[in-house]
Amino acid sequence: MASAWFGPCPHCNSALSYLEGVTGSTMKPVCPRCKVAITVVRATFLMADNSRRIPYAKDAARPVIRSDSDQ
Ligand SMILES: [Zn+2]
């Protein structure tokens with residue numbers, strides 16, 4: 001079942017839409033802004049969240065994901 005949530009890119013802090021379970025989802029979607037793969041726990045398709053002009057603060061809550069260095 002598809003679902004979506006919004007959060008920052010863990011690399012460049014851009015506002016992103018995380019679309020889970022949609023066509024084109026992958027376990028390592030690439031950030032549309034910094035082009036770095038983000039490892040996620042559910043297949044996700046990333047889209048830039050253009051409705052959010054102000055980037056997330058550096059101390060904003062992060063999505064629950066594993067960084068590549070944890071593997
Ligand atoms: Zn990024």
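## A three-stranded antiparallel sheet

Strands β1 and β2 form a hairpin with six residues between them, and Asn-13 in the turn has a positive phi of about 70 degrees. The structure is a predicted model, in which local features need pLDDT of at least 70, side-chain atom pairs count only at pLDDT 80 or more, and totals for chains, interfaces and linings use all residues. Residue numbers start from 1 along each chain as its sequence is written.

Strands here are DSSP runs (E, at least two residues), numbered from the N terminus. Two strands are said to pair if DSSP finds at least two bridges between them. Strands of a sheet pair through backbone hydrogen bonds, either parallel or antiparallel.

The hairpin belongs to an open sheet of three strands in the order β1-β2-β3, with antiparallel pairing. β1 (3-8) and β3 (44-48) are the edge strands, each pairing on one side only. On average, neighbouring strands of this sheet are turned by 25 degrees against each other, direction ignored; the axes behind this angle are lines fitted to C-alpha atoms, and angles run from 0 to 180 degrees between N-to-C directions.

The two pairings are listed below.

| Strand pair | Bridges | Sense |
|---|---|---|
| β1 and β2 (residues 15-20) | six bridges | antiparallel |
| β2 and β3 | five bridges | antiparallel |

Individual partners can be named. Ala-4 has Leu-19 in β2 as its bridge partner, and Pro-8 has Ala-15 in β2. Towards the other edge, Tyr-18 stands opposite Leu-46 in β3.

How values were computed. Helix = DSSP H or I, 4+ residues; strand = E, 2+ residues; numbered from the N terminus.
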